[in-house]
Amino acid sequence: MLRSLPGRFIRFVGSALIRRIYRIQTVHPENVPATGGAMLLPNHVSFADAFFITAASPRPVRFVMDEAFMASPVIRAFVSIFQTVTIRRDQPREAIRTTIDALKNGDLVCLFPEGQLTRTGALGELRRGFELIAKKAGHPLIPMWCDGSWASIFSFERGRFFKKPPYPAPGGMVLAFGQEIEPDHIDLEIVRQAILTASAAAQAERFAIPGWGTRVPRGNPGAVEKFQLGGEQSRRQMWANGYQIGQINALRRLESFFVLADSMTLPDLPGLLLTFPELFDATVIAHEQFQPHPNAIWIGGDRLRQQITNSPATGKIDFYDFGTQALTPLEKTGVHHFPCLAIEGIVIAMSMPHPAKPATDSEFQPGHKPGSWGKLLPGWHLLTAPDGTLRAHGPAAPEEGLPLPTGCFLDPEGFLSIS
């Protein structure tokens, strides 16, 4: 029996083991059709995403995988057991035809629309192939988000794959299945927003646990005192925002960063200055004035920017600029300037260094670009309000969302930019 049904047996045993080890929770699994062909469209954070999705899905999943990965014996075994659809980039028509056949056969097919692992942690640019597949097959699409795998050894967190200790995400992993999208209504923007909406649902589930509304971080006594004065929902939002910051490759776990002492107040970035350091073992060092420590990371706004500009020498530093002039490049030798955006003290987007290429033939992934505040953090999705303002929604925001600057938009690469 084991020989005849190895996939089912291994899926049953392996999925139970993965669910237990990674403490997998699911959000809206009922959005996956019980029968018939459908396509899952998740974000792609780690080499282990297929295993997490298999463990979370209410029905068996067939994955679409580039044949280039077949050099690995582990992946070849996975392909043979789970009936993976292998494709070749130099034969796109054959790849499309094979995937359509699987959908028409009634399979639940998973295709990663980014086409590559994210090295920034944020959602990257979506490739167009799935649109044609969905329209030709005539089957629905299910956007989804895998939240929590950025902390695993299988992601590019801390700037590298594998060679690092794993850190479990607070509360385990959460995988959210979004609402079904009919193939007649599909385009890249609709799918992207649906995937981002699933990211907000996943993180909302993570911070729905009552303890987040009462937990108090350590840090500057004055800031902590003000943190305690906030209501339960306010405290929960601050924890959620600190977690969001840790899901991208900007400020990293265990790192130290510098701020000006007058920034250590609750209205100024509480998620960044209080909850992010608590969740990711980072250290905040406050100085009365800017000091040009070599290879230092500085975070601040207009006052810090002025001090850096007026400093006779800086050495090599990274400056994460949350000020009103953030989109104006800071041209100073040795300063790596990274524009960022916070609304009402809540971080929405951050620029970061361009992530390194793990191999010479790896595709370039930008971490920053001109005219942009950086990558939209996981856990945010954008909606246009009745008054015409674009607002950011997610577990770190009030119910009405946070109003974004006039003229900003989310570009195809996931950067929050200005027109």
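These legends describe three close-up views of a predicted model.

The model is predicted: local features need pLDDT of at least 70, side-chain atom pairs count only at pLDDT 80 or more, and totals for chains, interfaces and linings use all residues. Residues are numbered from 1 along each chain as its sequence is written, and side-chain values use heavy atoms, with hydrogens and water left out.

**View 1. Thr275 in helix 9 (residues 270–280).** Helices (H or I, at least four residues) and strands (E, at least two) are DSSP runs, numbered from the N terminus. Thr275 is buried, at a relative accessible area of 0%. Buried means under 20% relative accessible area (1.4 Å probe, protein chains only). Contact means heavy atoms within 4.5 Å. Neighbours within four places in sequence aside, Thr275 is in contact with Pro217, Phe227, Met238, Trp239, Gly242 and Pro270.

**View 2. Helix 2 (residues 49–56).** Seven of the eight residues here are buried, so helix 2 is largely enclosed by the rest of the structure. Asp49, Ala50, Phe52, Ile53, Thr54, Ala55 and Ala56 are the buried residues of helix 2.

**View 3. An open sheet of three strands.** The strand order is 15-16-17, and the pairing is antiparallel. Strand 15 (381–384) and strand 17 (402–403) are the edge strands, each pairing on one side only. Two strands pair if DSSP finds at least two bridges between them. Strand 16 (residues 390–393) pairs with strand 17 over two bridges, in the antiparallel sense. Opposite Leu402 in strand 17 stands Ala392. Helix 6 (residues 188–206) packs on the sheet and touches strand 15 and strand 16. The direction of helix 6 makes about 115° with that of strand 15. Axes are lines fitted to C-alpha atoms, for helices over the stretch in contact, and angles run from 0 to 180 degrees between N-to-C directions.

Notes
Buried means under 20% relative accessible area, exposed over 50%, partly exposed in between (1.4 Å probe, protein chains only).
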